[in-house]
Amino acid sequence: MKRVVIIGCGFLGLNAAKTLGNKAGVEVVVIDRHNYHLFQPLLYQVATAGLNAVEIAAPVRSILSGYRNVRSGSIKLFQILPFLRFSSIHVRYWCFQSA
Ligand SMILES: Cc1cc2nc3c(=O)[nH]c(=O)nc-3n(C[C@H](O)[C@H](O)[C@H](O)COP(=O)(O)OP(=O)(O)OC[C@H]3O[C@@H](n4cnc5c(N)ncnc54)[C@H](O)[C@@H]3O)c2cc1C
């Protein structure tokens, strides 16, 4: 089983997670400093009071809930230390099941 750690749940991270979602032989861990995905193109509508903030921010956990092999967690990364196997040690500790 391969473990893929996706850092950041913007458009890129979200699409990567969906692409790998429910694929055999892959475990996906998505981490972001926030627990929501922000739809940035509509930020200006929130700034001008055209939309509420909750209308452009959706919980990562619920977006990815349909993918059984995808887990998500909310932490802010400061440093990546591959030689310490940071992802396999700390991510396992912090993450929770998305489904
Ligand atoms: C106001 C506005 C309007 C836009 N309009 C358009 C448009 O009309 N069309 C278009 O194509 N593009 C538009 N863009 C650009 C588009 O939103 C970005 O190109 C796109 O969001 C980039 O996606 P990304 O996944 O690379 O990065 P992001 O969407 O920025 O995602 C990065 C993620 O990483 C997380 N993160 C960052 N640092 C850390 C850390 N240290 N630890 C943990 N998590 C971290 C962040 O919380 C974030 O969720 C717009 C942008 C803005 C701001």
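A residue counts as near a molecule if its C-beta atom, placed from the backbone, lies within 6 Å of it. By that rule, 15 residues surround the ligand in this predicted model. The closest of them are Gly-8, Gly-10, Leu-12, Gln-40 and Pro-41. Two elements, α1 (11-20) and α2 (43-47), each give two or more residues to this shell. Helix α1 contributes the most, with three residues. By chemical type, the shell around the ligand holds seven nonpolar residues, five polar ones and three charged ones.

The next step is the overall layout of the chain. The protein has four helices and six strands. Followed along the sequence, these elements come in the order β-α-β-β-α-β-α-β-α-β. Of the contacts in the protein with a separation of 6 or more, 62% are between residues 24 or more positions apart. Of the 99 residues in the protein, 17% are buried.

How do the strands pair? Strand β2 is a good place to look, with β1 and β5 as its partners. Strand β1 (residues 2-7) runs parallel to β2, and six bridges join the two. One position to find in this pairing is Ile-7, whose bridge partner in β2 is Ile-31. Strand β2 also pairs with β5 in the parallel sense, over five bridges. Here Val-28 stands opposite Val-70 in β5.

Is strand β2 enclosed or open? A residue is buried if 20 or more other C-beta atoms lie within 10 Å of its own. Five of the seven residues of β2 are buried, so this strand is largely enclosed by the rest of the structure. Strand β5 (residues 70-74) is likewise largely enclosed by the rest of the structure, because four of its five residues are buried.

The two strands lead on to the nonpolar core. In soluble globular proteins, nonpolar side chains tend to be buried together. In this model, the largest nonpolar core has nine residues: Cys-9, Ala-17, Val-28, Val-29, Val-30, Ile-31, Val-60, Leu-64 and Val-70. Strand β2 (residues 26-32) supplies the largest share of this core, four residues. Val-28 and Val-70, which stand opposite each other in the pairing of β2 with β5, both belong to this core. Ile-31, the bridge partner of Ile-7, is a core residue as well.

Two loop residues deserve a separate look. Asn-22 lies in the loop between α1 and β2. Its phi is near 60 degrees, a positive value in a residue other than glycine. Is Asn-22 buried or exposed? Asn-22 has 12 other C-beta atoms within 10 Å, so it is exposed. Ala-49 is found in the loop between α2 and β4 (57-59). The phi of Ala-49 is near 65 degrees, again a positive value in a residue other than glycine. Ala-49 is exposed because it has 7 other C-beta atoms within 10 Å.

Last comes the confidence of the prediction. The protein averages a pLDDT of 85, and 80% of the residues score at least 70. Over residues 95-99 the pLDDT is below 50. Beyond near neighbours in sequence, this stretch has 15 contacts in the model.

Methods. Residues are numbered from 1 along each chain as its sequence is written. A nonpolar core is a set of buried Ala, Val, Leu, Ile, Met, Phe, Trp, Tyr and Cys residues joined through C-beta atoms within 7 Å. Ala, Val, Leu, Ile, Met, Phe, Trp, Tyr, Cys and Pro count as nonpolar, Asp, Glu, Lys and Arg as charged, and the others, Gly among them, as polar. Two strands pair if DSSP finds at least two bridges between them. pLDDT is the predictor's confidence in each residue, from 0 to 100. Two residues are in contact if their C-beta atoms, placed from the backbone, lie within 7 Å.
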